[in-house]
Amino acid sequence: MAARSQVKDLQEAVICSICLAYFNDPVILKCGHTFCRACITQYCQESETSPRYRCPQCRKPFREGEFQPNRELRNVVEIAKKFPEPSGERACEKHEALLQLFCEVDQTPICLVCRESRSHKDHPVLPIDEAALDYKEQIQRHLESLKKERDEILSYKSSGEKTSQELLKQLKTGRQKIVAEFQQLRQFLEEQERLLLAQLEELKKEIEKRRDEYVSKLSEELSSFSSLISEMEQKCQLPASEFLQDIKGTLSRCGREKFQNPVAFSSELKWRIWESSQRNAPLETIMKEFTDSLSSRQRFDKANVTLDPDTAHPKLILSADRRSVRWGDKWQDLPKRPERFDPASCVLGCEGFTSGRHYWEVEVEVGSGGVSDVGVARASVSRKGWICLSPEEGFWALRCWADQYRALTSAVQRIRFPPSSAPRRIRVYLDYEQGQVAFFDAGTGDPIVTFPPASFAGERIRPFFCVSAGARLL
């Protein structure tokens, strides 16, 4: 502080009282006061007391030319100009004096010379430290708001990145399934090709065998007939006495049984061959069975969910068809059951799942500050006392209110929507074997959130609802 004050005092000591700037070619009067040569010369020219003048500071008389160069002070001025501004403070670029004031009109720091100038003379000013304190408070308030906005944007960014990672993970899983299933299909087709070609090869061998047997038999018959014909032709050329010799035997040989064409290819063999030639029809059937098997593994079945009144909190009012629930004003006189939720305003679905892929849709009410939680729960979850809705406690649920949706997990995940586009129809997906629970916008089909895979360990999983407004199954 002492060094700063000394530098400040030095800089103020080398300022001309006429121009209020650093001395420029300083001259000293007989009275001992110093001014810039140009300043005192102009002062004398404008004075009405020529040739005797009065010192601008002490009013003692002097004559024109009665002042001497103040070389020592000029050297001090040069030294003062080289001093750095104390504590990083800046100097006025115009007057090279310290910026000690702040003009509230022009909102800029000024020096003492600027304060007396026409530009700022009528403007309200503050000490620069006081003005800096005021503006720092304003900036601090803006900083708090900006930091809050930044944190919110970072939250959006994190949520978006997490959602994209989940979607990419789903795509990767889907790709792996497709590759695996088409690999199964290729193996299946290759096996079918080998099987069918082997069957055709067997049929080919059997046809060739039957053909060889048939041709051999016909060749034998042809040879027999050719010999008999040749014999009869020769017999007919003989004289009558010889011709009639053993005529009875000759007639007997000529009257042999009519040739019966042997069956070369049985009906059963022809049917097998026809079936093989029409093999595309059985193959289409096989392919259909295969693709049906694949689609049955990929397809989600829509579940017909109804609400279980034995589990409903006494203030929850269920519709007659048990398809909707709302929060009532009065405590209903209901039997006290161990399976009934109390005091949590929850209710389970009647249905439970121990296998398969299922989905159902829920229309939530979130107006007037209402909140609705939808999802699934283990059949064994706690029903009494305050409960924590998280997968660790057996709940996989989505909380819906206003334009915000929140996955109820230990790692809080909020999903914001513009108020006009926040979904009111939620589709809940349950893939039991994969341990997967996911929520989608039933109107657009867009994903909202997917929980990490869990192990249901053979336990029954039931639809779950927790409302302070209302919900309706679609």
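Helices here are DSSP runs of H or I with at least four residues, numbered from the N terminus. With that in hand, here are some exercises on this predicted model.

**Exercise 1. Find the helix that holds Leu146, and decide whether Leu146 is buried or exposed.**

Step 1: Leu146 is found in helix α5, which covers residues 128–235.
Step 2: The cut-off for exposed is over 50% relative accessible area.
Step 3: Leu146 has 56% relative accessibility, so Leu146 counts as exposed.
Step 4: Now look at the surface around this side chain. Ile139, Leu143 and Leu146 make a nonpolar surface patch of about 270 Å².

**Exercise 2. Work out which strands pair with β1, and in which sense.**

Step 1: Start with strand β2 (residues 34–36). β1 (residues 26–29) pairs with β2 in the antiparallel sense, over three bridges.
Step 2: Check one position in this pair: Ile28 is opposite Thr34 of β2.
Step 3: Inspect the turn. The hairpin of β1 and β2 has four residues between its strands, and Gly32 takes a positive phi there, near 100 degrees.
Step 4: Move on to strand β5 (residues 67–69), which also pairs with β1 in the antiparallel sense over three bridges. Here Val27 has Pro69 in β5 as its bridge partner.

**Exercise 3. Name the residues of the positive and the negative surface patch, and place one residue from each.**

Step 1: Lys30, Arg52, Arg54, Arg59 and Arg63 form a positive patch.
Step 2: Arg59 sits in the loop between β3 (52–54) and β4 (61–63). Its relative accessibility is 44%, so Arg59 counts as partly exposed.
Step 3: Glu104, Glu130, Asp134 and Glu137 form a negative patch.
Step 4: Glu104 belongs to the loop between β6 (99–103) and β7 (108–111). Glu104 is partly exposed because its relative accessibility is 39%.

**Exercise 4. Look at the backbone: what is notable about Gln107, Ala457 and the bond between Asp342 and Pro343?**

Step 1: Recall the background. Most residues other than glycine have a negative phi, and most peptide bonds are trans.
Step 2: Gln107 has a positive phi, near 50 degrees. Gln107 lies in the loop between β6 and β7, and counts as exposed at 51% relative accessibility.
Step 3: Ala457 also has a positive phi, of about 50 degrees. Its place is the loop between β20 (447–450) and β21 (461–467), and Ala457 is exposed with a relative accessible area of 71%.
Step 4: Asp342 and Pro343 are joined by a cis peptide bond, with omega about 10 degrees. Pro343 is in the loop between β11 (324–327) and β12 (346–348).

Technical notes: Residues numbered from 1 in each chain as written. Predicted model: local features only at pLDDT ≥ 70, side-chain atom pairs only at ≥ 80, totals over all residues. Heavy atoms only, no water. Patch = residues over 30% accessible without salt bridge, like charges linked within 9 Å, V, L, I, M, F, W, Y side chains within 5 Å. Areas by Shrake-Rupley, 256 points an atom, 1.4 Å probe, with all protein chains shown as cover. Salt bridge = Lys/Arg side-chain N within 4 Å of Asp/Glu carboxyl O. Lys, Arg positive; Asp, Glu negative; His and termini not counted. Charge placed at Lys NZ, Arg CZ, Asp CG, Glu CD. Helix = DSSP H or I, 4+ residues; strand = E, 2+ residues; numbered from the N terminus. Buried < 20%, exposed > 50% of the residue type's maximum accessible area, 1.4 Å probe, protein only. Pairing = 2+ DSSP bridges.
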